[in-house]
Amino acid sequence: MSDMQLIKDYIDLCAAQARYCRFLDTKDWDAYRELLTEDYELDISEGTGIPLIVGRDQAITTIRASVGAAKTVHQVHNPEIRVNGDEAQATWALQDRLVFSSDRPAITGYGHYHQRWVRRNGEWKLAALRLTRLLLEMQPPAKPAV
């Protein structure tokens with residue numbers, strides 16, 4: 001693989017990850033769905049006890065139930081990307097903020113996304129994601145204005 005192709009793949013994977021965060025935070029579920037493979041695997045088991053979720057539709061159902069009503073901000077940085085032909089492994093430093101209704105605490109989390117991407121018909125699709133956490137900070141719910 002040429003250096004130019006590796007650079008192009010790196011840029012394309014960074015752009016795909018940016019869309020992943022944007023579609024998740026704007027709750028654009030149709031566009032989000034298009035980024036994932038049909039056999040997508042989501043591992044959010046660390047600290048939650050939730051078993052591995054297999055299948056794009058099941059993963060989206062779980063994510064929507066968890067954060068669909070929350071205001072969220074997902075920011076990723078410091079990508080470590082290794083491309084091997086039509087597959088890539090990526091690790092991203094993650095900071096996310098989830099603000100729920102006034103009856104649930106807000107969460108700020110820090111950790112990593114560990115991902116496997118595959119190239120399908122010339123486009124990078126997310127095939128697997130494992131979330132690991134370094135720190136979770138909980139803030140009390142906002143008090144309603146009087």
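This passage describes the helices, strands and side-chain contacts of a predicted model.

A good place to start is helix H1, which covers residues 3-26 and so has 24 residues. From its first C-alpha to its last, H1 reaches 35 Å, close to the 34 Å expected at 1.5 Å a residue. Its buried residues are Asp9, Leu13, Ala16, Gln17, Tyr20, Cys21, Phe23 and Leu24. Two of these, Asp9 and Tyr20, will return below, Asp9 in a salt bridge and Tyr20 in an aromatic pair. Just after H1, Lys27 takes a positive phi of about 60°.

Strands E4, E5 and E6 can be followed from one to the next. Strand E4 (residues 87-99) and strand E5 (residues 106-120) run antiparallel and are joined by twelve bridges. Within this pairing, Gln95 stands opposite Tyr110 of E5. The connection from E4 to E5 is a hairpin of six residues. Strand E5 also pairs with strand E6 (residues 123-139), again in the antiparallel sense, and here the bridges number 15. Trp117 faces Leu126 of E6 across this second pairing, the two residues standing opposite each other. In a regular strand the side chains alternate between the two faces of the sheet.

The hairpin between E5 and E6 has two residues between the strands. One residue in this turn, Asn121, has a positive phi of about 50° although it is not a glycine. Asn121 counts as exposed because its relative accessibility is 83%, and exposed residues are those over 50%. A second asparagine with a positive phi is Asn78, at about 55°. Unlike Asn121, which is placed in the loop between E5 and E6, Asn78 lies in strand E3. Asn78 is exposed too, with a relative accessible area of 57%. For context, most residues other than glycine have a negative phi.

Turning to charged side chains, a search of the whole structure finds six salt bridges. Side chains of opposite charge can pair when their charged atoms come close. Arg119 takes part in two of the contacts described here. With Asp9, the side chain of Arg119 forms a salt bridge at 2.8 Å, N to O. Because Arg119 lies in strand E5 and Asp9 in helix H1, this pair ties together parts that are 110 residues apart in sequence. Asp9 is buried, with a relative accessible area of 0%. The side chains of Arg119 and Asp86 also meet in a salt bridge, at 2.7 Å, N to O. Asp86 is in the loop between strand E3 (71-84) and E4, so its pairing with Arg119 in E5 ties together parts that are 33 residues apart in sequence. In contrast to the buried Asp9, Asp86 is partly exposed, with a relative accessible area of 46%. Taken together, Asp9, Asp86 and Arg119 are linked in a network of salt bridges.

Another salt bridge joins the side chains of Lys125 and Glu123 at 3.6 Å, N to O. Lys125 is buried, with a relative accessible area of 15%, whereas Glu123 is partly exposed at 47%.

Aromatic side chains make contacts of their own, and the structure holds three aromatic pairs. In the pair of Tyr20 and Tyr32, the ring centres are 5.2 Å apart and the planes stand at 40°, so the pair is tilted. This contact links distant parts of the chain, with Tyr20 in helix H1 and Tyr32 in helix H2 (residues 29-34), twelve residues apart. Both partners are buried, Tyr20 with a relative accessible area of 2% and Tyr32 with 0%. Tyr32 also pairs with Trp29, this time edge-to-face, at 5.7 Å centre to centre and 85° between the planes. Trp29 and Tyr32 are separated by about one helical turn because they are three residues apart in helix H2. Like Tyr32, Trp29 is buried. Ring pairs link Tyr20, Trp29, Tyr32 and Tyr113 into a cluster.

A last contact brings a charge and a ring together: Arg104 lies over the face of Phe100, at 3.7 Å from the ring centre.

Methods
Residues numbered from 1 in each chain as written. Predicted model: local features only at pLDDT ≥ 70, side-chain atom pairs only at ≥ 80, totals over all residues. Heavy atoms only, no water. Pairing = 2+ DSSP bridges. Helix = DSSP H or I, 4+ residues; strand = E, 2+ residues; numbered from the N terminus. Expected span 1.5 Å × (residues − 1). Buried < 20%, exposed > 50% of the residue type's maximum accessible area, 1.4 Å probe, protein only. Salt bridge = Lys/Arg side-chain N within 4 Å of Asp/Glu carboxyl O. Phe/Tyr/Trp six-rings, centres within 6.5 Å; stacked < 30°, edge-to-face > 60°. Lys NZ or Arg CZ within 6 Å of the ring centre and 35° of its normal.
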